[in-house]
Amino acid sequence: MLKEHQRNGINASKEDFVKMGHILNILKIALLLFAILSSSRGFAQAQSSRNVLVRSQAAPLLVLSLVRPVSLLELEFMYKSENLPFNFGLVLAAIDFDNKGFLGKFQNIENNRIATVESLNLGLRVDFPFNGKPFTDSFYYSFAVLGGSFNSEEKLEDTLDCENKIKSKGTASIVAMTIGKQFFWDSGYHIMTGVGFFESKSLSRSSTNTNTCDSQDDISSSKGNLLSPWLDLAIGIAF
């Protein structure tokens, strides 16, 4: 009874996390519409006097939540210098997904397992506008490197009266590359859209087994490396 209550509590907290993600998406869409409606001065074509940009990636959660509940929060704090033809900054990314959804199709996890992954990452992103003028309308190429920690759980899905699972935690690296188009309004509002890929690799890992199935051996942890397409769709504001 206690274990069942604990599982229900975990499921409830995950549902609340997903609902919060949907609320954040609604706010992002509202901000995007406001930016478009308030952009009477048009797009910024000349070099902008604004040096700081704060934006949030909206597309991954918007798209993936239609396929399977996935919670993603990514914030980017970008900076430009008048002497550099690119802008750069910090990226904070938190993600929660399972191997039965879209991202799981690209993960190295056996088919007879149910796996969940939670991770928190911090890193650096660099945007290279094709016109050499950061914070202006231009096509762009982007490169990002992040590192962080993760917690994962894998369990056999064909067990009924027993439990055979493994919990892991450790560190991982992420490399991402995208190409797309960015737009800036004179008012400071900003959107960008692009396509690319990201790759996540485990750097270190420690695991703990729980096995109440007498007829089964302990399962081993999957490598869990991930190579997936990526979709840039960010909204933000420059200061």
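Rings of Phe, Tyr and Trp, the last taken by its six-membered ring, pair if their centres lie within 6.5 Å, and a pair counts as stacked with planes under 30 degrees apart, as edge-to-face over 60 and as tilted for the rest. By this rule the count comes to 7 aromatic pairs in what is a predicted model.

Begin by selecting Phe86 and Phe128, whose rings form a tilted pair at 5.4 Å centre to centre, with 50° between the planes. This pair links distant parts of the chain, since Phe86 sits in the loop between β2 (71–80) and β3 (87–98) while Phe128 belongs to strand β4 (residues 113–129), 42 residues apart. Colour the two by accessibility, and Phe86 comes out as partly exposed at a relative accessible area of 22%, with Phe128 also partly exposed at 33%.

Next, extend the selection to Tyr79, Phe88 and Tyr141, which ring pairs link with Phe86 and Phe128 into a cluster. Tyr141 is placed in strand β5 and is partly exposed, with a relative accessible area of 32%.

From Tyr141, turn to the surface, where this residue helps to make a nonpolar patch of about 860 Å² together with Phe128, Phe130, Phe139, Phe143, Val145, Val175, Ile179, Val195 and Leu231. Which strand gives the largest share of the nonpolar patch? That strand is β5, with 4 residues, and both β5 and β6 (164–184) supply at least two residues each. While Phe139 of the patch is in view, add Lys181, which lies over the face of the Phe139 ring at 4.8 Å from the ring centre.

Now move to the loop between β4 and β5 (138–156), where Phe135 is found. Is Phe135 buried or exposed? Phe135 is buried, with a relative accessible area of 1%. Its backbone also deserves a look, for Phe135 has a positive phi of about 65° although it is not a glycine. Most residues other than glycine have a negative phi.

Finally, clear the selection and view the whole chain as a cartoon, in which the secondary structure comes to 2 helices and 8 strands, running α-β-α-β-β-β-β-β-β-β from the N terminus on. Of the 239 residues, 41% count as buried, and the protein exposes about 13,000 Å², of which carbon and sulfur atoms supply 63%. If a contact map is open beside the viewer, consider the contacts between residues at least 6 apart in sequence: 72% of them join residues at least 24 apart.

Technical notes. Residues numbered from 1 in each chain as written. Predicted model: local features only at pLDDT ≥ 70, side-chain atom pairs only at ≥ 80, totals over all residues. Heavy atoms only, no water. Buried < 20%, exposed > 50% of the residue type's maximum accessible area, 1.4 Å probe, protein only. Lys NZ or Arg CZ within 6 Å of the ring centre and 35° of its normal. Contact = heavy atoms within 4.5 Å. Areas by Shrake-Rupley, 256 points an atom, 1.4 Å probe, with all protein chains shown as cover. Patch = residues over 30% accessible without salt bridge, like charges linked within 9 Å, V, L, I, M, F, W, Y side chains within 5 Å. Salt bridge = Lys/Arg side-chain N within 4 Å of Asp/Glu carboxyl O.
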